[in-house]
Amino acid sequence: MTNEGTGTGAAWAVVEAAEPEFAGRVRERFGAFRHHVLATLRKDGAPRLTGLEADFRDGELWLGMMVGSRKALDLRRDPRFSLHANPGPGTDLTGGDVRVSGRAVEVTDAGTVARYAAEAKPPEPFHLFRAELTGVVRTSTEAPWMVLEIWQPDRPLRRVRRTSDDPRLYGE
């Protein structure tokens, strides 16, 4: 179910193959709530934040949106995006805090769009984009640490533990 991409990112299947446990935690976090926050770039370069339902299907992360929506027009003009999983209630970071970044590739192949629509049943008509990921970050806590898990294509998963009094943050 894909069109040609820019070759600058990776399909979700690449993340799942490289780091299955990490990918599972990320999918679980996105699956905890239906609506998430998409960041795109306006014509003037300013960020635009909008709600979005993300869909992991067939080894891809799909972004569907209403025809003519500002976010769809933003992505057509400049495909760079970030998607932040709904953090849910409270401040305990249950399940972690997750965001993905990359480039959105619009899918225009009628057969692919029809197959997606038959499976996902989005309101029609719609724009469909496939995410080429350039980064996935999961932030969680392990007292007294904040833990960042960082995945990028062609790199091993990095795990960084920090506290707010970490001297590296202050150039010491």
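**Exercise 1. Which residues are buried in helix 2?**

Solution. Start with the ground rules. This is a predicted model in which local features need pLDDT of at least 70, side-chain atom pairs count only at pLDDT 80 or more, and totals for chains, interfaces and linings use all residues. Residues are numbered from 1 along each chain as its sequence is written, and side-chain values use heavy atoms, with hydrogens and water left out.

Step 1. Locate the helix. Helix 2 covers residues 20-31. Helices are DSSP runs of H or I with at least four residues, strands are runs of E with at least two, and both are numbered from the N terminus.

Step 2. Apply the cut-offs. Buried means under 20% relative accessible area, exposed means over 50%, and partly exposed lies in between (1.4 Å probe, protein chains only). Phe22, Ala23, Val26, Arg29 and Phe30 are buried in helix 2.

Step 3. Place them around the axis. These residues lie on the same side of helix 2 because they cover an arc of only 125 degrees. The arc is taken from the directions that run from the helix axis to the C-beta atoms.

Step 4. Turn to the other side of helix 2. Pro20, Glu21, Glu28 and Gly31 are exposed there.

**Exercise 2. Find the cis peptide bonds and the loops that hold their prolines.**

Solution. Step 1. Glu124 and Pro125 are joined by a cis peptide bond, with omega about -5 degrees. Pro125 sits in the loop between helix 4 (110-120) and strand 7 (126-142).

Step 2. Ala143 to Pro144 is also cis, with omega near 5 degrees. Pro144 belongs to the loop between strand 7 and strand 8 (145-151).

**Exercise 3. Locate two aspartates with positive phi.**

Solution. Step 1. Recall the background. Most residues other than glycine have a negative phi, and most peptide bonds are trans.

Step 2. Asp58 has phi near 55 degrees. Its loop runs between strand 3 (54-57) and strand 4 (60-66).

Step 3. Asp154 has a positive phi of about 60 degrees. Asp154 lies in the loop between strand 8 and strand 9 (158-162). Asp154 counts as exposed because its relative accessibility is 83%.

**Exercise 4. Which element supplies the largest share of the lining of the largest pocket?**

Solution. Step 1. List the contributors. Helix 2, strand 2 (47-52), strand 3, strand 4 and helix 4 each supply at least two lining residues.

Step 2. Pick the leader. Strand 3 gives the largest share, four residues.

Methods. The expected span of a helix is 1.5 Å times one less than its number of residues.
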